Every structure is written in structure tokens, then in C-alpha cells.
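Me: I would like to take a close look at a single part of this protein, and then see what else can be said about the chain around it. Please go slowly, as I am new to reading structures.

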Amino acid sequence: MIEPITVIGVLGAGRAGTALARVADSCGIEVDIAATRTPVQLKYHLAQYAPRARAVNAEEIGERAQIVVLMVPQEDLDDVDAPTLAGTVLVDATNRWQQEPVPRWLQAHLDEGMSSSEAIATHFSTARVVKALNHLSHWDLDAPDRATASPRRGLLVASDDDAAAALVSSLITQLGYDPVHVPRLHKGRIAEPGGPLFNRPMTAAQIREVL
């Protein structure tokens, strides 16, 4: 049985990252958050949008966290130092927008037919990558009725690493959603923009029907 998640790390302090930090805090989960700004610069931003999150340097993001959630724009992925994520359970919560320029390595993998999460897993090869938390908006992420809704909203969890997926599924349950585990990372493509799950509220049962 998996123990409850007590600490997560969030890479990215934009609307999605701070929304996740607020939700996690409301569930009793501590949050370390990092961005391109220094912790001193970031703490003023967090004071308004995620006041209980702890600002840290990016290279420290995996030191305490049981899970690290990647929430930076894909165009900024080259700013993320891959070695600092070695051994972490890394949730790819990023999205590919057609008008957005992306790093050459990412575009090359996409041109080969990979899903964006497969490309990210190839680049961050020492991390245990799970696709999750990308197909709902930041408004929906911290909706006040998320845990009391009946039935609850389902969220996809796709990974080639079953143990990492189980850990992320535990987090999603704590956040007030029902995880739907898919044991193949490439199947996370259905959660990308334009896919049948993206920004469409569905129950876990409805997601399984799509699958």
C-alpha cells in the first residue's frame, strides 16, 4: 500500500504551477516550487498566488519531494537541468501548442512520431516520467467542489513505470480526482491538446470508455 504523498516539487510558477501548489496545500501536502527566478525573487510572487509554497532553487526541487511536477512552457524546457531530476518521479504536465516554438530536440522527436511525453522521457532519461495533470485547466484544477463532486472527475495517468504511476495516482486521489492508470506512456497522447480528453470534464468511467 502506498503511503500518502506529503511533499511535492513543482517546476514552474505560472498559473498552473501556483494552482497546483494551492490545491496541494489545501490537502495537507507541502510544496517546493522553483522557476527561472531566484527564490528571493519568487517569494514575492508566491506571497500572492501560493503563499504556503516554499520557493527553492531549481537544482533543489527533487531533494525533499516524492514527486516533481513539470509545469513550465515547453518552449522553456531547455532551462530545466536534466541531471537535477535524476531518479525523480517526474510528472509531465506540459502541453504542446502548435504556435509555440520548442527546443530542437523536442521538435525532432515529435517529427519522429513520438508523443510529447515520450520525447520528454527521452530527454530526461534518468527520471521516471508519468503523463498526468495536463488535460484540465488551472481553473478546474483548484475548483472548490473537486473533492465533493459526485461522481468525481477522472484524470489520466500514463507511464511505462507502474510504480511511478501508482505514486502519481495516489497524489491525484489526494487532490480530489479519480486516477485512470494506463500502463503505456505513448497512450498519454489522447490527453494532449486536440485529443479526446483535453479540457473535457469526464469521470473515470468515461475515460475508460475512450480508452
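Where is Pro-151 found?

Reply: Please keep in mind throughout that this is a predicted model. Pro-151 is found in the loop between helix H6 and strand E7, the strand that covers residues 154–158. What can be said about this loop concerns its backbone, for the peptide bond that leads from Ser-150 to Pro-151 is cis, with an omega angle near 0 degrees.

Helix H6, which stands at one end of that loop, spans residues 138–141, and another loop, the one between strand E6 (128–131) and H6, holds Leu-133. This residue is also worth a look for its backbone, since Leu-133 has a positive phi of about 65 degrees although it is not a glycine.

Helix H6 also leads us to the largest pocket, which holds about 960 Å³ of space. This pocket is lined by 38 residues, and those closest to its centre are Arg-15, Ala-16, Met-71, Val-72 and Pro-73. The largest share of the lining, 3 residues, comes from H6, while helix H1 (15–26), like H6, supplies at least two lining residues.

Helix H1 can be followed further, to Asp-25, which lies in this helix and forms a salt bridge with Arg-52, where the closest N and O atoms are 2.7 Å apart. Arg-52 sits in the loop between helix H2 (39–49) and strand E3 (54–55), so that the pair, with its partners 27 residues apart, links distant parts of the chain. In the whole structure, a search finds 9 salt bridges.

Finally, there is a place on the surface where charge collects, for Glu-75, Asp-76, Asp-78 and Asp-79 gather there in a patch of negative charge. One of these residues, Asp-78, has its place in the loop between strand E4 (67–70) and strand E5 (89–92).

Notes
Residues are numbered from 1 along each chain as its sequence is written. This is a predicted model: local features need pLDDT of at least 70, side-chain atom pairs count only at pLDDT 80 or more; totals for chains, interfaces and linings use all residues. Side-chain values use heavy atoms; hydrogens and water are left out. Patches are made of residues with over 30% relative accessible area and no salt bridge: like charges are joined within 9 Å, nonpolar side chains (Val, Leu, Ile, Met, Phe, Trp, Tyr) within 5 Å. Accessible areas come from the Shrake-Rupley method with a 1.4 Å probe; for residues, only the protein chains shown count as cover. A salt bridge is a side-chain nitrogen of Lys or Arg within 4 Å of a carboxyl oxygen of Asp or Glu. Lys and Arg count as positive and Asp and Glu as negative; His and the chain ends are not counted. The place of a charge is taken as NZ of Lys, CZ of Arg, CG of Asp or CD of Glu. Helices (H or I, at least four residues) and strands (E, at least two) are DSSP runs, numbered from the N terminus. On a 1 Å grid over the protein atoms alone, a cavity is a set of points where a 1.4 Å probe fits but cannot get out, and a pocket is an open set with protein on both sides within 12 Å along at least five of seven lines; lining residues have an atom within 4 Å of a point. Grid points are joined across faces, edges and corners, and a volume is the space filled by probe spheres set on the points.
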